[in-house]
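Hello,

Here is the structure I promised to pass on. Have a look at it first, and then read my notes below.

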Amino acid sequence: MNDLRPDTSAAPALRRLLDLLASGAATEDFADVLADARRRGAPAAVLSEIDDATWQALRVHRTLRQHRRREAELTALFDTAGDLAASRDLDTVLQAIVRRARLLLGTDTAYLTLPDEAAGDTYMRVTDGSVSVLFQTLRLSLGDGLGGLVAQSARPYATPDYRTDERFHHTGTIDAGVLDEGLVAIIGVPLLLGGRVIGVLFAADRSPRAFSPDEVALLCSLAAHAAIALDTAKSLADTRAALAELNSANELIRAHSAAVQRAEQGHDRLTDLVLRGAEVPDVAAEVAALLGGGIAVLDTEGEPLAGRPAPAEGLAEAVAASRTEGRSVRHGEDWVCAVLAGQEPLGALVLSGRPGLEDADRRLFERASVVTALLLLLRRSVAETENRVRGELLADLLTAPDRDPAGLTARGRRLGVDLGRPHLVLVAEPAGAPGTAATDRGRLAGAAGRYLFGSRGISAEHGEAVVLLLPDDSSAPGAAGAAGTAGAAGAAGAAGGAQQVAELAAERLARLAGFPVTVGAGRPAAGPVALASSYAEGLRCVRALRVLGRAGDGASARALGFLGVLLGDGHDVDGFVGATLGPLLDYDARRGTELVRTLRAYFDCGGSLTRAKDELHVHVNTVVQRLDRVEVLLGRDWNHPERSLELQLALRLQLLAGG
């Protein structure tokens, strides 16, 4: 039962007020102290004293509550600052700021929007307490809604009821999102960085509420931290990007430096080879070792100077493209680089086995073409000088071979030309139109020098022709070695060798000179006098080809058949008879048959089998069988007009010679 005795002193009430302050009681509890004193019948003076004490206690209570709230706010701000210092993840920091704003202001939700410069609006970056997907994906244009006004004016705005607040520009999209989230009271403050709005921080309730100035100030403080977080994150991102770019640039510089150094070392190695007198195959081998692939060095005609022949299909186009671009180009699985002296083509390099050529190796490959051009120019210059001196020897030999044969031989030996060994003499003339002979002959002389480059042959202009002297047992331009086979390797008397060399020479010289060239080959000869005679035979062969309408061809006197007998010095009857009737003569000698006599009788009787069998005194079947054997030995065309004429001439010459 309550003690209802009147209080005559305010001391008990004052102690109770102190207890309430100490315990952090609610505001309503303080009013109970005065009410209880009235019930007890306290005097008016005591009640007045208690009323004053209650008012003072409420002031102290309010001050303490403000201090506690301020302490909590400061703690939150310090925690946020700690998060900024400790975290490198922007999403984590922004999420913590939004969550603290919601907790400190006691709102249902909090969220943060950032501008989208590409789209020209703002979007939801972080939300806390939101349940609406429509609201979480909301976008606001500048000036629209509360957030748009905050972003536009850079000032905080708050509304106790957004739905009815006419200060803001309402849009259907924003209102639908706010309605879907159920928000009523909203406060938004700008994220300022150097006076520029970089975002907006919001807190919102789902019921009407008036936000105090302290709450606005608190949210502004959190917004300032969010701005710092965004700026720090941007600075870190920019720093990382700058570091990544620096690292990339450093890697590129290091790779470029290594590539340049490797290219320089490769260039130095190749240059050293040239200075030490290396040949084209040596340089090709060094380049192949440096690049780890196969290297072929080709001349202007696509013939190999070193390495294996390259695939011919599309090669000329690839070389032309490289010449135009001034760089190496892809050719299927290979790489091609033109070898140039200025704009003059000297040939090409072909790299195989390296389909994926890096820039450094590509530059090295291109440098190799420069070194190859230097080597080819050097060799060509030396060859031209040597050929000029040797050409004087050749001109003297053809002009007066019997004046001093021993002196010519000795002079040739000093120049590296052994006239005592068998040589093949080629006589080449331009097959162009009349009136261009002088100009074409000069071009043909230059083509002959390039044709002989890399071989031991020599050339010189003599009369209206260009004369080439090739060692009979050596390699020369045309088919193998440095530039092809001279063609007369083996027995000097073989008609096929000289004929092949003449044909190949006519073809190659025509390509090098740019116009048809007629080439005649004399018989292989040794010694100044014999070589001069061989030249005369080759010259007559050229003229015969021209008369026969075969300008632009190449042939030897012996390959011309009976014309060779008429044109050649010494009129090699035995050689012609042997070349024409050889298989029949050998067969008769081995088996004791009479194929030659039967063939002579057949032609003498005008191709009549009946008359031939009477001439031979044998049965007609015997004649038929012998002629069948002739066909086997000579070929099916033995009875064709042209071949028949040669056979009859050979049979007549054999008979006249006593055969």
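What share of the contacts in the chain with a separation of 6 or more comes from residues 24 or more positions apart? The answer is 59%. Please keep in mind that this is a predicted model.

First, the overall picture. The chain has 659 residues, and 44% of them are buried. Its secondary structure comprises 21 helices and 16 strands. The accessible surface is about 32900 Å², with 54% of that belonging to carbon and sulfur atoms.

One helix caught my eye: α6, residues 145–153. Seven of its nine residues are buried, so the helix is largely enclosed by the rest of the structure. Those buried residues are Gly-145, Leu-146, Gly-147, Gly-148, Leu-149, Val-150 and Ala-151. They pack against the strands β3 (139–141), β4 (157–159), β5 (185–193) and β6 (196–205), and also against helix α7 (172–181). Just after α6 comes Ala-154, which takes a positive phi of about 60°.

I also looked for enclosed empty space. The whole structure holds four cavities of 30 Å³ or more, and the second largest has about 100 Å³ of space. Its lining is made up of 13 residues, and Tyr-111, Leu-140, Ile-174, Val-178 and Phe-202 are those nearest the centre. Helix α6 turns up here again: along with β1 (109–116) and α7, it gives two or more residues to this lining. By type, the lining of the second largest cavity has 11 nonpolar residues, two polar ones and no charged ones.

Best wishes

Methods
Residues are numbered from 1 along each chain as its sequence is written. This is a predicted model: local features need pLDDT of at least 70, side-chain atom pairs count only at pLDDT 80 or more; totals for chains, interfaces and linings use all residues. Side-chain values use heavy atoms; hydrogens and water are left out. Buried means under 20% relative accessible area, exposed over 50%, partly exposed in between (1.4 Å probe, protein chains only). Helices (H or I, at least four residues) and strands (E, at least two) are DSSP runs, numbered from the N terminus. Contact means heavy atoms within 4.5 Å. On a 1 Å grid over the protein atoms alone, a cavity is a set of points where a 1.4 Å probe fits but cannot get out, and a pocket is an open set with protein on both sides within 12 Å along at least five of seven lines; lining residues have an atom within 4 Å of a point. Grid points are joined across faces, edges and corners, and a volume is the space filled by probe spheres set on the points. Ala, Val, Leu, Ile, Met, Phe, Trp, Tyr, Cys and Pro count as nonpolar, Asp, Glu, Lys and Arg as charged, and the others, Gly among them, as polar. Accessible areas come from the Shrake-Rupley method with a 1.4 Å probe; for residues, only the protein chains shown count as cover.
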